[in-house]
Amino acid sequence: INVAIFASGTGTNFSALIAKINASDLPIKVISLICDHPEAQVVQRAHEAKIPVWTHTLKEFNDKHDYETAIETYLAQFKVDLLILAGYMKIVSPVLLSAFSGQIINIHPAMLPKFPGRHGIEDAFAAGVTSTGVTVHYVDTGVDTGPIIAQQVVEVLPTDDIDSLATRIHRVEHQLYFDSLCKVIEQKHLS
Ligand code: GRF
């Protein structure tokens, strides 16, 4: 099972996935990290994990269409089963959505459809909710809108600040993403 991980930033979900995949006996191969920020920490993490990296900024291309066409061309050398977005901060356009229809998954740090967008943790905290959570879902043309694969609730404690809440949410993410990947592989009969 060949997967590509897309990420833009810190890459804790990237590292957690690599560690759990390596510790499992599942025949999953992370064929590449795709990253739109060459300076991002996740690029270093990929080098350390000896995962090939494709990293280019959108600015190097005419537009998003050309950018994603380059990614598609790069990925065509592998038989890729799934694209895993793990903190990838770009909206996926129809180029990749049609090339990998039903094969792109994302993780979001809130209970979708509540608090979509870039600031899922902060927005939930600011709204004063007593619980929020994590969602793994298929990617469609919208922002954080595709069919849900798995969700897990995270309580907001009276003593929480953004950082303590974010820490607990990330811990849940790191387990839920791997579990969801296993679920998708099973549902799609990939293994
Ligand atoms: C995670 O909270 C994820 O849900 C969101 O972006 C964040 C990425 O964090 N989509 P990291 O780069 O994996 O540490």
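A residue is called buried here if 20 or more other C-beta atoms lie within 10 Å of its own, exposed if 12 or fewer, and partly exposed in between. The legends below describe a predicted model.

**View 1. Asn 106 in strand β5, one of the positions in a UniProt binding-site annotation.** Asn 106 sits in strand β5, which runs over residues 104-108, and because 24 C-beta neighbours lie inside 10 Å, Asn 106 counts as buried. When its neighbours within four places in sequence are left aside, the contacts of Asn 106 are Leu 85, His 137 and Val 139. The unreviewed UniProt entry lists Asn 106 under "binding site" together with Lys 64, Met 89, Lys 90, Ile 91 and Val 92.

**View 2. Lys 90 in the loop between β4 and α4.** Lys 90, which the unreviewed UniProt entry also lists under "binding site", is placed in the loop that joins β4 (82-85) to α4 (94-99). Lys 90 has 14 C-beta neighbours inside 10 Å and therefore counts as partly exposed, whereas Asn 106, from the annotation that names them both, is buried.

**View 3. His 108, annotated as an active site, in strand β5.** The "active site" annotation of the unreviewed UniProt entry covers His 108, a residue of strand β5. His 108 is buried because 22 other C-beta atoms lie within 10 Å. Leaving aside its neighbours within four places in sequence, His 108 is in contact with Gly 120, Thr 135, His 137 and Asp 144; His 137 is also among the contacts of Asn 106.

**View 4. The shell of 13 residues around the ligand.** Among the residues that surround the ligand, the closest are Thr 10, Thr 12, Asn 13, Gly 87 and Pro 109. Two elements, α1 (12-23) and β5, give two or more residues to this shell, and α1 gives the most, with 3 residues. Sorted by class, the shell holds 5 nonpolar, 7 polar and 1 charged residues.

**View 5. Helix α6 and the elements packed against its buried residues.** Helix α6 covers residues 162-187, and its 26 residues should span 38 Å at 1.5 Å a residue, so the 35 Å between its end C-alpha atoms agrees with that expectation. The buried residues of α6 include Leu 165, Ile 169, Leu 176, Phe 178, Leu 181 and Val 184, and also Glu 173, Tyr 177 and Ser 180. These buried residues pack against α1, β4, β5, α5 (120-127), β6 (131-138) and β7 (148-155). After α6 comes His 189, which has a positive phi, near 55°.

Definitions and conventions. Residues are numbered from 1 along each chain as its sequence is written. This is a predicted model: local features need pLDDT of at least 70, side-chain atom pairs count only at pLDDT 80 or more; totals for chains, interfaces and linings use all residues. UniProt positions are given in the numbering used here, feature names are shortened, and annotations may be inferred rather than shown by experiment. Helices (H or I, at least four residues) and strands (E, at least two) are DSSP runs, numbered from the N terminus. Two residues are in contact if their C-beta atoms, placed from the backbone, lie within 7 Å. A residue is near a molecule or strand if its C-beta atom, placed from the backbone, lies within 6 Å of it. Ala, Val, Leu, Ile, Met, Phe, Trp, Tyr, Cys and Pro count as nonpolar, Asp, Glu, Lys and Arg as charged, and the others, Gly among them, as polar. The expected span of a helix is 1.5 Å times one less than its number of residues.
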